[in-house]
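Here's an informal walk through a protein model, meant to be read with the structure open beside you. Have a look around first, then read on.

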Amino acid sequence: MRVCVATALCLTAVSVLALPACSAETTKANGSPASSSRAGKPASADQDAAPMSSAALDKRLLNESDLGSGYLRKPESPSQHDDVTIVGCPALNKLGGDAATGGSLDFPRQAKATFAYAGGVSSEISEELYSNTAADLSDGFRQIFNAMTGCPTYQVIAGSTKINIASQKMTAPQLGDEQWSQRLTFSVGGRDTVTKQTAIRDGNVLLVFSGSPALVDRHLDKALAKAAATR
């Protein structure tokens with residue numbers, strides 16, 4: 001996931017998902033109340049399906065017509081290359097500096113979009129889709145999620161910018177095959193920004209939806225329905 005280290009307002013979880021490549025040697029972290037599988041749910045037909053291409057994922061992203069009036073898709077931001085230090089969260093430190101500057105989950109099949117909303121109060125939402133085997137998606141996201149939520153507070157120093165972060169696990173909606181959710185508060189220069197991040201794995205597709213809590217709640221079902229439409 002990306003983090004806007006050049007500004008004080010970060011929309012997605014800092015470091016959140018630039019993991020090293022997942023492999024069969026990856027050790028699963030313990031689950032948490034905010035990370036769960038649907039008990040008794042029949043295995044999805046897509047659990048063992050071949051990963052979708054990036055082009056196919058791109059067609060499953062929300063667009064302005066899906067969201068309604070007041071939304072505008074933002075152009076992709078250039079990658080940040082500032083030196084990054086993580087203070088107060090050894091688990092994130094172990095994942096390396098790239099995990100704190102942004103980027104993406106280390107799955108080659110991916111698509112993403114960010115939308116600005118000017119419906120009364122300017123805000124944003126970010127959608128990211130990934131496809132890989134169900135096991136790798138599950139292991140990869142659980143590792144970074146548990147690392148982040150295992151540190152209630154920590155600090156990221158990116159270049160000359162210091163970002164204080166507070167993370168809190170939240171109850172995830174019972175959608176898809178696995179769910180994770182957290183609330184993050186980014187503090188820079190006395191200004192706080194609250195972000196909600198919810199991730200849903202449905203078969204071999206992972207949806208990560210982040211941004212203003214109200215907008216995430218409003219559009220999550222719609223994003224998942226489009227991302228996990230019958231293939």
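A residue counts as buried when its relative accessible area is under 20%, and as exposed when that value is over 50%. Keep in mind that this is a predicted model.

With that cut-off, Arg201 is an easy call: its relative accessibility is 6%, so it counts as buried. You'll find Arg201 in strand S9. Ser69 goes the other way, being exposed with a relative accessible area of 68%. Ser69 sits in the loop between H2 and S2.

Both residues also have a partner that is some way off in sequence. Here are the C-alpha to C-alpha distances:

| Pair | Apart in sequence | Apart in space |
|---|---|---|
| Arg201 and Ala228 | 27 residues | 9.2 Å |
| Ser69 and Ala118 | 49 residues | 9.1 Å |

**The whole protein**

Zooming out, the protein has six helices and 10 strands. It runs to 231 residues, and 50% of them are buried. About 10300 Å² is exposed, with carbon and sulfur atoms supplying 51% of that area. If you take the contacts between residues at least 6 apart in sequence, 68% of them join residues at least 24 apart.

**The cores**

Which residues touch the most other members of the largest nonpolar core? They are Leu92, Phe141, Tyr154, Ile165 and Leu206, out of 26 residues in that core. Two or more residues come from each of strand S3 (84-87), helix H5 (134-149), strand S6 (153-158), strand S7 (161-169), strand S8 (178-188) and strand S10 (205-211). H5 gives the largest share, six residues. There's also a second, separate core, with 22 residues, including Leu61, Tyr117, Phe209 and Leu224.

**Two helices**

H5 is mostly covered, with 14 of its 16 residues buried. Its length works out too: at 1.5 Å a residue, the 16 residues of H5 should span 22 Å, and the end C-alpha atoms are 22 Å apart, which agrees.

Now try H6, residues 213-227. Its 15 residues should span 21 Å at 1.5 Å a residue, and the end C-alpha atoms are 20 Å apart, so the two values agree. Still, H6 bends by about 45 degrees at His219. His219 is itself one of the buried residues of H6, along with Leu215, Val216, Leu220, Ala223, Leu224 and Ala227. There's a helical rhythm to look for in a list like that: an α-helix has 3.6 residues a turn, so residues three or four places apart point the same way. What do the buried residues of H6 pack against? Their neighbours are helix H2 (64-67), strand S2 (71-73), S4, S5, strand S9 (191-202) and S10. Leu224 also turns up in the second core.

**Aromatic pairs**

The count of aromatic pairs comes to four. One of them, Phe107 with Tyr130, is edge-to-face, at 6.5 Å centre to centre and 65 degrees between the planes. Phe107 lies in the loop between helix H4 (98-101) and strand S4 (110-117), while Tyr130 is in strand S5 (residues 123-131), so the pair ties together parts that are 23 residues apart in sequence. Both Phe107 and Tyr130 are buried.

Elsewhere, ring pairs link Phe141, Phe145 and Trp180 into a cluster. Phe141 should look familiar, as it is among the residues that touch the most other members of the largest core.

Terms used: Residues numbered from 1 in each chain as written. Predicted model: local features only at pLDDT ≥ 70, side-chain atom pairs only at ≥ 80, totals over all residues. Heavy atoms only, no water. Core = buried A, V, L, I, M, F, W, Y, C linked by side-chain atoms within 4.5 Å. Buried < 20%, exposed > 50% of the residue type's maximum accessible area, 1.4 Å probe, protein only. Helix = DSSP H or I, 4+ residues; strand = E, 2+ residues; numbered from the N terminus. Phe/Tyr/Trp six-rings, centres within 6.5 Å; stacked < 30°, edge-to-face > 60°. Contact = heavy atoms within 4.5 Å. Areas by Shrake-Rupley, 256 points an atom, 1.4 Å probe, with all protein chains shown as cover. Expected span 1.5 Å × (residues − 1). Bend = angle between axes of the 7 residues up to and from the residue.
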